[in-house]
Amino acid sequence: DDVVVQDLPADDAAMIKSFPSPYTIIPISQVQPIDLGARVLNAGGNAETNVGFNATIYKAYVGQIFTGPSATAASLNPGDTSAVLSAGSWTPPDTGIYLLEFITTMTNADANNVNDTLDTYLVVDDTTYARDYAAISGMIDNALGFNGATGSMGVMYDFYNTATIKSVTFYCAAPTLGDTVSVSIYSTSGG
C-alpha cells in the first residue's frame, strides 16, 4: 500500500460535492427556482470564521449571468462540515447549458486552493428531464440490475405545468439478447 504522511494545512476550506437541483436536465416548461445551497468542510487544522462560498453561474456562449455570496458559518472547527449554506435562489431564464460554480470563502487565507471549487452543470432544454449525467457526458454513471430476476425500478419527476410525455429514454448497461424491457408511466400526487 502507498501511504502519504503530510502536515495538515492550517487554513483550508473545501466545498462538499453536491448538486443544487435533483435534475441535470430540465425542460423549460418545468423550470422552478433552484436553491443555491451547499456545504463547506473545514479541512484545515485551525478553527475558521465566516466560512461560506461565492456562487457564480455562467451560461454557455453568454458568460456570467449571476453571482452572489452565501450565508456564512460564524465559526467552523477543524474536521467539521457546515450546515447547508445558501446563496439564495436562481431560476434559469432560458434554454441552455449552465455552469454553477461555488468557491469557498473564509476570513483567513486558504492554504490549499485545490478543493475550494465545486462545479456542476445544468442543462435546460425544450423537452428532456434527467437525473444523471449520461445524456450530457455520454457515459453511464452507474447501473442497477436484477441478476437474472424480474424487477422494477422507479424514478419520479415533478411536473409543475401540464406536459405531454412523448418518449422515454434509458440506458441498459449490459442487456441480454431476448430480455424484456418495458416502461410504465404513473401519475402520483403528494409524493
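Here is a short tour of the chain's overall build and of one group of aromatic side chains. The model is a predicted one. Its chain holds 10 strands and one helix, and the helix comes after the strands in the order β-β-β-β-β-β-β-β-β-β-α. With a radius of gyration of 21 Å, well over the 16 Å that the globule rule gives for 191 residues, the chain is more spread out than a compact globule.

**Overall build**
- The C-alpha trace spans about 60 × 50 × 35 Å along its principal axes.
- Buried residues make up 30% of the 191 in the chain.
- Of the contacts between residues at least 6 apart in sequence, 73% join residues at least 24 apart.

**Surface and charge**
- The chain's accessible surface is about 12400 Å², and carbon and sulfur atoms account for 51% of this.
- There are 19 negative and 5 positive side chains, with the centres of the two sets 14 Å apart.

**Aromatic side chains**
- The chain has six aromatic pairs.
- One of them is tilted, because the rings of Tyr23 and Tyr129 have their planes at 40°, with centres 4.6 Å apart.
- This pair joins parts of the chain 106 residues apart: Tyr23 sits in the loop between strands E1 and E2, and Tyr129 in the loop between strand E10 and helix H1.
- Tyr23 is buried at 4% relative accessible area, and Tyr129 is buried at 14%.
- Tyr129 also forms a tilted pair with Tyr157, with ring centres 5.1 Å apart and planes at 35°.
- Tyr157 lies in the segment after H1, 28 residues from Tyr129, and is partly exposed at 29%.
- Together with Phe159, the residues Tyr23, Tyr129 and Tyr157 form one aromatic cluster.

Conventions
Residues are numbered from 1 along each chain as its sequence is written. This is a predicted model: local features need pLDDT of at least 70, side-chain atom pairs count only at pLDDT 80 or more; totals for chains, interfaces and linings use all residues. Side-chain values use heavy atoms; hydrogens and water are left out. Helices (H or I, at least four residues) and strands (E, at least two) are DSSP runs, numbered from the N terminus. The radius of gyration is taken over C-alpha atoms; the globule rule is 2.2 Å times the number of residues to the power 0.38. Buried means under 20% relative accessible area, exposed over 50%, partly exposed in between (1.4 Å probe, protein chains only). Contact means heavy atoms within 4.5 Å. Accessible areas come from the Shrake-Rupley method with a 1.4 Å probe; for residues, only the protein chains shown count as cover. Lys and Arg count as positive and Asp and Glu as negative; His and the chain ends are not counted. The place of a charge is taken as NZ of Lys, CZ of Arg, CG of Asp or CD of Glu. Rings of Phe, Tyr and Trp (its six-membered ring) pair if their centres lie within 6.5 Å; planes under 30 degrees apart count as stacked, over 60 as edge-to-face and the rest as tilted.
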